[in-house]
Amino acid sequence: MKTVIIKYNAGNTQSVLYALERIGTAAIVSDDIETIQSADRVIFPGVGEASTAMAYLRERALDKVIAQLEQPVLGICLGMQLMCTHTTEGNVDCLGIFNTPVKNFGDLPQKEEHPLKVPQIGWNKVYDMQSPLFKNIPNETYFYFVHSYYAEICEDTIGVTKYIQPYTVALNRNNFYGVQFHPEKSADYGELLLKNFLDL
Amino acid sequence: MLCKRIIPCLDIKDGRTVKGTNFVELRDAGDPVELGARYAAEGADELVFLDITATNEKRKTLKELVNRIAHHINIPFTVGGGISTVEDVSLLLENGADKISINTAAYKNPAVLTEMAKQFGAQCVVLAIDTRLEEDGEWYVYLNGGRVKTDTRCFDWAREAVERGAGEILLTSMNHDGTKQGFAVDITRQLATNLSVPVIASGGGGNAAHFEEIFLKGQADAALAASIFHFKEVGIPGLKQYLSEKGLPIRL
């Protein structure tokens with residue numbers, strides 16, 4: 001099986017590459033369109049700023065390439081957010097694969113004595129899991145998150161977490177999957193999720 | 001609910017883990033990758049690797065070590081020790097570190113925090129502060145591993161650092177470090193409740209009740225300890241079970 005991690009200007013590509021190696025899969029990190037199109041599995045990672053990342057993808061026509069892929073594709077963190085309709089981070093239109101916008105936690109009202117911090121950094125519970133992506137992963141399993149922006153719940157939602165309010169942390173539409181947390185940093189269940197993705 | 005994090009800290013010298021109190025009587029404690037992997041398997045939420053090597057070979061060995069850690073450990077980790085420039089950070093992140101921690105170099109050149117946050121995101125810039133409560137009742141910032149006192153108050157520096165781009169504060173109380181009598185509740189609470197970023201409390205953790213106290217009273221987002229884990233005085237699974245039973249949000 002050929003697994004390709006998309007290389008662009010907002011990557012945690014090394015961490016994803018090493019996590020795949022730990023579960024016995026050699027992957028290629030590439031921004032070459034033909035290499036991406038011919039892969040069996042495509043992973044779209046991301047740590048960075050959304051509008052800068054979108055501009056980079058558009059310049060190289062990678063936005064259209066990704067949206068037209070037919071093999072299983074997994075977006076991680078910013079990768080997942082860029083697969084949504086629009087983000088308030090840099091106020092930019094995204095790939096529009098998942099039918100939900102991305103907004104900032106910081107814009108949500110908080111009335112508690114100790115308001116929750118933004119970004120959310122750490123381990124939080126995922127529930128309402130509805131996908132083979134979560135095969136053998138119990139409801140309310142903890143995954144590792146680092147993010148300030150979140151996707152709203154929509155018809156593509158396959159996993160939910162609560163931070164200030166319930167929001168989407170996993171999405172699926174056709175061959176496209178996305179997770180807000182970092183499976184590559186989420187201990188054993190994170191590695192199991194990556195395995196599940198490769199087994200889809 | 002977001003969990004309170006338990007973070008073992010590993011001191012590294014010449015590529016090996018060292019154990020000791022206050023840099024005295026350092027003993028070899030084996031391969032940092034093996035020890036880190038054991039802590040990860042036991043339920044540590046993150047790891048901090050602090051390089052205390054003082055040789056010119058440092059950069060190369062640290063880079064190689066970080067790369068090996070990143071290959072073997074499946075939880076996030078922070079690397080600190082002698083980091084001062086954007087290039088230092090870039091090298092460590094490229095080799096798989098999730099965050100870096102910076103201390104004296106940021107105090108001497110605060111603009112570097114902004115540069116690092118702009119280039120890599122605030123989430124990977126951890127500002128470490130060593131602080132001591134003086135007789136005048138104020139907490140002051142210390143530099144160079146606690147050897148050099150400044151006239152800057154801890155809270156003032158922490159607030160400025162966050163404004164400049166620090167995404168997390170690693171706060172070590174020199175009064176409490178090594179005592180095993182509990183963490184510094186008041187200064188931790190002041191930072192944790194007034195700053196917009198997470199605060200990791202460090203120094204003084206000796207038993208499970210101390211961790212409970214720093215999370216509940218100190219409002220810490222995470223707590224860090226070293227020797228009590230290395231010497232197996234406190235086990236991570238038992239500690240997390242205890243905190244969970246006390247009603248704290250903990251990843252079991």
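What is the mean pLDDT of chain B, and what share of its residues reach 70 or more?

1. The mean pLDDT of chain B (pLDDT being the predictor's confidence in each residue, from 0 to 100) is 93, and 96% of its residues reach 70 or more. For the complex, the predictor gives an ipTM of 0.92 and a pTM of 0.94. This is a predicted model, in which local features need pLDDT of at least 70 and side-chain atom pairs count only at pLDDT 80 or more, while totals for chains, interfaces and linings use all residues. Residues are numbered from 1 along each chain as its sequence is written, and chains are lettered from A and ligands numbered from 1 in the order in which they are written.

2. Chain B contains 10 helices and 12 strands (DSSP runs, with H or I and at least four residues for helices, E and at least two for strands, numbered from the N terminus). Its radius of gyration, taken over C-alpha atoms, is 17 Å, which agrees with the value near 18 Å that a compact globule of 252 residues would have; that rule is 2.2 Å times the number of residues to the power 0.38. Buried residues make up 51% of the chain, where buried means that 20 or more other C-beta atoms, placed from the backbone, lie within 10 Å of a residue's own, exposed means 12 or fewer, and partly exposed is in between.

3. In helix α8 (residues 208-216) of chain B, the buried residues are H210(B), F211(B), I214(B) and F215(B). Seen down the axis of α8(B), these residues fall within an arc of 130 degrees, so they line one face of the helix; the arc is that of the directions from the helix axis to the C-beta atoms. They pack against α7 (185-194), β11 (199-202), β12 (222-225) and α10 (236-245) of chain B.

4. A223(B) is in contact (C-beta atoms, placed from the backbone, within 7 Å) with F211(B), I214(B) and F215(B), among others, once its neighbours within four places in sequence are left aside. V89(B), in helix α3 (residues 86-94) of chain B, is buried, with 23 other C-beta atoms within 10 Å, and it touches I83(B), I100(B), M116(B) and F120(B), not counting residues up to four places away in sequence.

5. Where the two chains meet, 27 residues of chain A are in contact with 23 residues of chain B. Helix α1(A) gives the most to the side of chain A that touches chain B, with six residues. Eight of the 10 residues of α1(A) (residues 13-22) are buried, so this helix is largely enclosed by the rest of the structure.

6. Some backbone angles in chain A deserve a careful look, because most residues other than glycine have a negative phi, and most peptide bonds are trans. N136(A), in the loop between β8 and β9 of chain A, has a positive phi near 65 degrees and counts as exposed, with 10 C-beta neighbours inside 10 Å. A187(A), in helix α6 of chain A, has a positive phi of about 55 degrees although it is not a glycine, and it counts as buried, with 23 C-beta neighbours inside 10 Å. A cis peptide bond, with omega about 5 degrees, joins V118(A) and P119(A), and P119(A) lies in the loop between β7 (102-104) and β8 of chain A.
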